[in-house]
Amino acid sequence: MAKEIDLKQFESHIELRQLTVDDFDRIVELQERCFPGMPTWSREHVESQIEHFPEGQIGVTYDGELVASSCSLIVDYDLCSDWHDWKVVSDSGYIRNHDPKGDVLYGIEIMVDPEYQGMRLARRLYEARKQLARELNLKGIVIGGRIPGYAGHKSEMSAHDYVLRVEAKSLVDPVLTTQLANGFELKQVIPDYLPSDEDSGGWATHMEWTNVDYRPFKKRSMQPSQVVRLATVQYRMRSIDSFEEFERQCKFFVDTAGDYKCDFVTFPELFTTQLLSLVDARRPGAAARKLAGFTERYLELFTELATRYHVNIIGGSNFALEGDDLYNISYLFRRDGTIGKQYKIHVTPAEWRWWGVTGGEKVEVFDTDCGRIAIMICYDIEFPELARIAAKKGAQILFVPFNTDEAYSYLRVRHCAMARCVENHVYAVLSGCTGNLPQVANADLHYAQSGIYTPADIAFSRDGIAAESTPNVETMIMQDLDIEQLRKHRYKGTVQNWRDRRTDLYRLRYREAGSEFEV
C-alpha cells in the first residue's frame with residue numbers, strides 16, 4: 001500500500017535575509033572562495049557595515065547555509081566624485097560614510113559561492129538591491145564591478161576593448177555579463193579601482209541602474225502597484241524514449257521563463273502522461289498507477305528547476321498513489337525551494353472510468369513572494385463554488401492547468417475561467433496540451449489555446465484577455481499584470497460582484513477539516 005509522499009524530503013529552502021555579525025566566519029569563507037588571494041573583511045568591517053546600514057547587507061541561504069551575500073551603502077551622487085577609488089567611496093569597507101539622506105545605493109561587494117553558481121542567486125541579490133532602492137525612493141544603484149575574465153585577455157587587448165566586447169556579447173565575463181543581464185548600464189572603465197584584484201588587472205567598470213519609480217518630491221502622491229510577470233506553457237505531447245527527454249523539454253521552458261524574469265510559469269494538467277510512452281501496461285488503470293511511479297523523479301526535477309531558474313512553477317499535475325487511492329495532484333514549486341500541492345477535487349467521468357481517480361477534499365490557497373494564489377485543475381474551474389472559496393481565502397490569481405481533447409471541452413474551461421475572473425476579481429492563467437499520444441488511452445488527443453485572463457472592465461483588457469496563444473501550437477506566452485489593480489477593482493469597479501452578493505438571500509457553505517464555513 002503506497003503512503004502519501006512527504007514533500008519535505010524534496011524541498012530545499014532558499015531564503016533572502018539581512019546579514020548579522022554571526023555570519024562573519026562564513027562571509028570570510030565565501031570571500032576566500034570567490035576572491036582567492038584578495039584581502040577579506042575583518043570582524044570590525046562586518047560589525048561596522050551592519051551598524052551603519054543593516055538593510056543594505058543582504059545574504060542568501062540555501063538550507064540554512066549562507067551561500068551568497070551583498071554589501072552596500074547610500075551616498076549622495078552629486079557629492080561623491082570618487083567613483084574611481086573603492087577605498088574612498090566605501091570607507092575601506094567600513095561604510096562609516098553611509099548617508100541616509102543620500103540619493104543612490106552604492107554596491108561595494110556581491111559574491112556567490114562557486115558551488116552554487118548557476119542558480120541565479122546573484123539575480124536575487126540584485127533584485128533585492130533594486131527593491132531596497134525603490135522602498136527608499138533612491139535614484140538608482142551605482143556599482144564598481146570587477147572584470148575577472150580580463151586576466152585571460154590582458155595580452156591581447158585593452159580593458160576598454162575587453163568590456164566593449166563583453167557588452168557586445170562576443171566575450172563573456174563572469175561578473176560584467178551578469179550585471180548587464182540584470183539591467184545595469186556601463187558608464188565608464190575605471191583604472192586602479194582595486195589594485196589587489198589581479199584577475200581584473202586593477203580595472204573595474206562603473207555601472208548604473210536607474211530607478212524609474214524614483215520621485216524627486218517624496219510627498220508627491222504615488223499610485224501603488226504590484227506587477228507580476230506570468231508565463232503559461234502550451235505543451236506539445238509526443239512519444240519519448242526516456243525520462244531525460246521529458247526533463248530536457250521541461251528545462252527549456254523553465255529556463256526561458258527565467259530568462260524573461262517571469263515570476264510564475266504554468267504547465268498543463270497531466271502533461272506527464274507523456275511518460276506513459278515508457279510504460280508497458282495493457283489497461284489504462286494499471287498504466288496510471290505506473291505513471292505515479294515517476295512522481296518522485298518529477299518532484300526532484302521541478303524543485304531543482306524552480307530554485308535554479310528563480311521562478312515559481314505550477315507543475316501541471318501528475319498522478320500520485322496514497323494507500324490504494326489514485327489522485328490527480330498539482331504541485332506548486334516555489335523558487336525558495338518549498339512545495340505545496342492541490343488535489344483535483346472534481347473528477348471527470350472519464351478520469352474515473354479509465355483511471356480510477358479519487359477526488360480531493362480541500363481548496364488550498366498558497367502564499368508566494370508575489371501574493372496569494374490558488375490552483376483549479378481543469379474541471380474544478382467549472383464549479384464556481386471553489387473559486388469563491390479560494391477568493392474568500394485571499395487568492396488573487398487562479399492557475400488552471402487543463403487537459404482537453406477537443407474544442408468543446410476546452411471552451412468549457414475557458415469560458416468558466418473568464419467568468420470566475422468577473423465574479424471574484426481575480427486573474428486566471430490557463431495552460432493546456434497539444435499534440436497526440438496514440439498509444440495512451442484517454443490521453444490520445446489534445447486541444448488547447450492557453451491564455452491569461454482578467455476581469456472585464458475599463459481598467460483591464462476590453463475583452464478580458466490579457467494574452468492568448470495560437471491554438472494547438474507549442475509555445476509559451478507571457479504577460480505583466482498588476483495585483484494592486486485587482487484590489488482597486490473589487491471596491492471601485494464598474495460592477496462590484498463580490499460586494500454586491502445578496503448574502504441575505506443565499507450563502508455558500510463548505511466543510512473543511514471537520515468544520516463548516518460560510519462565504
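**Figure 1. Surroundings of the buried residues of helix H8 in the predicted model.** Helix H9 (295-308), strand E11 (318-322), strand E12 (325-333) and helix H10 (349-355) are among the elements that cover the buried residues of H8. H8 itself spans residues 284-291. Its buried residues are Gly285, Ala287, Ala288 and Leu291. Viewed down the axis of H8, these residues fall within an arc of 160°, so they line one face of the helix. An α-helix has 3.6 residues a turn, so residues three or four places apart point the same way.

**Figure 2. The largest pocket.** This pocket holds about 1500 Å³ of space. Its lining has 40 residues. Glu127, Gln131, Arg134, Val227 and Asp263 lie closest to the pocket centre. Two or more lining residues come from each of strand E1 (14-18), helix H4 (121-135), strand E7 (204-210), strand E8 (227-237) and strand E15 (365-368). H4 gives the largest share, 7 residues. By class, the lining has 18 charged, 11 polar and 11 nonpolar residues.

**Figure 3. The second largest pocket.** About 1300 Å³ of space lies here. The lining counts 50 residues, and those closest to the centre are Phe35, Ile110, Met111, Arg146 and Val175. Helix H1 (24-34), helix H3 (86-89), strand E4 (104-112), H4, strand E5 (140-146) and helix H6 (176-181) each supply at least two lining residues. E4 contributes the largest share, 6 residues. The lining divides into 24 nonpolar, 14 polar and 12 charged residues. H4 also appears in the lining of the largest pocket, where H4 gives 7 residues.

**Figure 4. Two nonpolar cores.** The largest nonpolar core has 62 residues. Within this core, Tyr106, Ile108, Leu121 and Tyr162 touch the most other members. A second, separate core of 54 residues includes Phe399, Tyr427, Ala448 and Leu508. In soluble globular proteins, nonpolar side chains tend to be buried together.

**Figure 5. Contacts of Ile108.** Leaving out residues up to four places away in sequence, Ile108 touches Trp41, Gln49, Cys71, Ser72, Leu73, Trp86, Ser90, Ile95 and Arg129. Ile108 is one of the residues with the most contacts to other members of the largest nonpolar core.

**Figure 6. Tyr62 in strand E2.** Strand E2 covers residues 58-62 and contains Tyr62. Apart from residues up to four places away in sequence, Tyr62 touches Ser12, His13, Ile14, Val67, Tyr116 and Met119. Tyr62 and Glu300 are 238 residues apart in sequence. In space, their C-alpha atoms are 16 Å apart.

**Figure 7. Positive phi at Ser92 and Lys261.** Most residues other than glycine have a negative phi, and most peptide bonds are trans. Ser92 has a positive phi, near 55°. This residue is found in the loop between H3 and E4. Ser92 is partly exposed, with a relative accessible area of 33%. Lys261 also has a positive phi, near 60°. The loop between helix H7 (243-259) and strand E9 (264-267) holds Lys261. Its relative accessibility is 30%, so Lys261 counts as partly exposed.

How values were computed
Residues are numbered from 1 along each chain as its sequence is written. This is a predicted model: local features need pLDDT of at least 70, side-chain atom pairs count only at pLDDT 80 or more; totals for chains, interfaces and linings use all residues. Side-chain values use heavy atoms; hydrogens and water are left out. On a 1 Å grid over the protein atoms alone, a cavity is a set of points where a 1.4 Å probe fits but cannot get out, and a pocket is an open set with protein on both sides within 12 Å along at least five of seven lines; lining residues have an atom within 4 Å of a point. Grid points are joined across faces, edges and corners, and a volume is the space filled by probe spheres set on the points. Helices (H or I, at least four residues) and strands (E, at least two) are DSSP runs, numbered from the N terminus. Ala, Val, Leu, Ile, Met, Phe, Trp, Tyr, Cys and Pro count as nonpolar, Asp, Glu, Lys and Arg as charged, and the others, Gly among them, as polar. Buried means under 20% relative accessible area, exposed over 50%, partly exposed in between (1.4 Å probe, protein chains only). The arc is that of the directions from the helix axis to the C-beta atoms. Contact means heavy atoms within 4.5 Å. A nonpolar core is a set of buried Ala, Val, Leu, Ile, Met, Phe, Trp, Tyr and Cys residues joined through side-chain atoms within 4.5 Å.
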